[in-house]
Amino acid sequence: MVEKKAVGAISGWMSVPEGRLVAHSPGRRGVWHWYEDHARGTGELARHFAAPWGGGELAHQLGRDHDTGKGACAWQDGLIEEATTGRKIRRPAHHAAGAFLFAQAARQHPVLTPFAGVIEGHHTGLPAWSELSVRLKSLMRDPTEANEAISRVAEVMPEILDNTCPAVPDWLDLRNKTSVEMLVRMTYSAVIDADRL
């Protein structure tokens with residue numbers, strides 16, 4: 001479990017208070033990037049990028065939830081130790097919890113489940129549907145790690161537990177696989193750009 005820790009050999013680095021989650025290390029400025037600031041900011045920017053083609057709500061939810069796995073104790077402890085020691089620490093992957101969270105919301109409209117791939121592949125590229133399907137089934141069988149991260153993130157961002165499926169553009173034909181795939185790719189682009197910026 002993450003505890004309050006002094007961070008960094010460089011004087012002036014902020015400590016991580018109890019109950020706070022971090023998204024990125026302090027870097028040269030010595031200031032932590034708090035999880036909720038990063039997640040909410042990514043969601044809002046993704047909404048802005050996707051709004052012109054009607055995908056704002058979908059991109060917002062995917063952007064907001066893309067790093068949910070960073071809530072896991074092992075991920076938080078690893079980042080804090082890495083920043084403290086300067087040594088590279090192997091941390092668990094952080095994409096599965098957000099993909100799981102979106103897949104749960106998409107139960108209302110299963111045809112939208114492939115959009116979980118936007119989160120699953122936000123560092124590695126969009127996964128093939130067959131790979132994503134296997135991964136999501138595995139998470140459904142044993143959601144322990146995903147649930148730990150989700151519950152910790154929900155403490156600072158309760159809105160992630162809303163569990164509603166976001167609105168999709170009016171032009172989307174859910175029976176047309178090409179139409180769905182086009183929207184997945186457009187949404188992926190909006191979320192990746194928002195995350196990186």
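This tour moves through the structure one selection at a time and states what is found at each stop.

The model is predicted: local features require pLDDT of at least 70, side-chain atom pairs count only at pLDDT 80 or more, and totals for chains, interfaces and linings use all residues. Residues are numbered from 1 along each chain as its sequence is written, and side-chain values use heavy atoms, with hydrogens and water left out.

**Asp 67**

Begin by selecting Asp 67, which sits in the loop between helix H2 (56-65) and helix H3 (73-85). Helices here are DSSP runs of H or I with at least four residues, numbered from the N terminus. Is Asp 67 buried or exposed? Asp 67 has a relative accessible area of 2% and is therefore buried; buried means under 20% relative accessible area, exposed over 50%, and partly exposed in between, with a 1.4 Å probe and protein chains only.

Next, display the side chain of His 66, with which the side chain of Asp 67 makes a polar contact at 3.1 Å. A polar contact is a pair of N or O atoms within 3.5 Å; within protein, one must be able to donate a hydrogen and the other to accept it, and residues adjacent in sequence count only if both atoms are side-chain atoms. Then add Tyr 35, His 38, His 94, His 122 and Asp 195: these are in contact with Asp 67 (heavy atoms within 4.5 Å) when its neighbours within four places in sequence are left aside.

**Helix H8**

Asp 195 leads to helix H8, where it is one of the buried residues. Others to select there include Ser 179, Leu 183, Tyr 188 and Ile 192. The cover over the buried residues of H8 includes helix H1 (35-50), H2 and helix H5 (116-120). At the start of H8, a side-chain oxygen of Asn 176 comes to within 2.8 Å of the backbone nitrogen of Thr 178.

How far apart are the end C-alpha atoms of H8? The distance is 28 Å, which agrees with the 28 Å expected for the 20 residues of H8 (residues 177-196) at 1.5 Å a residue; the expected span is 1.5 Å times one less than the number of residues.

**Leu 197**

Continue into the segment after H8 to find Leu 197. Leu 197 is exposed, because its relative accessible area is 74%. Apart from neighbours within four places in sequence, Leu 197 is in contact with Leu 45 and Phe 49.

**Helix H7**

Now select helix H7 (residues 144-156), whose buried residues include Ala 146, Ile 150, Arg 152 and Val 156. The buried residues of H7 pack against H1, H3, helix H4 (96-105) and helix H6 (129-141).

**Ile 89**

Move to the loop between H3 and H4 and select Ile 89. Ile 89 counts as buried because its relative accessibility is 19%. Not counting residues up to four places away in sequence, Ile 89 touches Gly 78, Glu 81 and Glu 82.

**Charges over rings**

Finally, display two arginines with their tryptophans. Arg 20 lies over the face of Trp 34, at 4.1 Å from the ring centre, and Arg 91 lies over the face of Trp 75, at 4.8 Å from the ring centre. A charge sits over a ring if NZ of Lys or CZ of Arg is within 6 Å of the ring centre and within 35 degrees of the ring normal.

Key. Helices (H or I, at least four residues) and strands (E, at least two) are DSSP runs, numbered from the N terminus.
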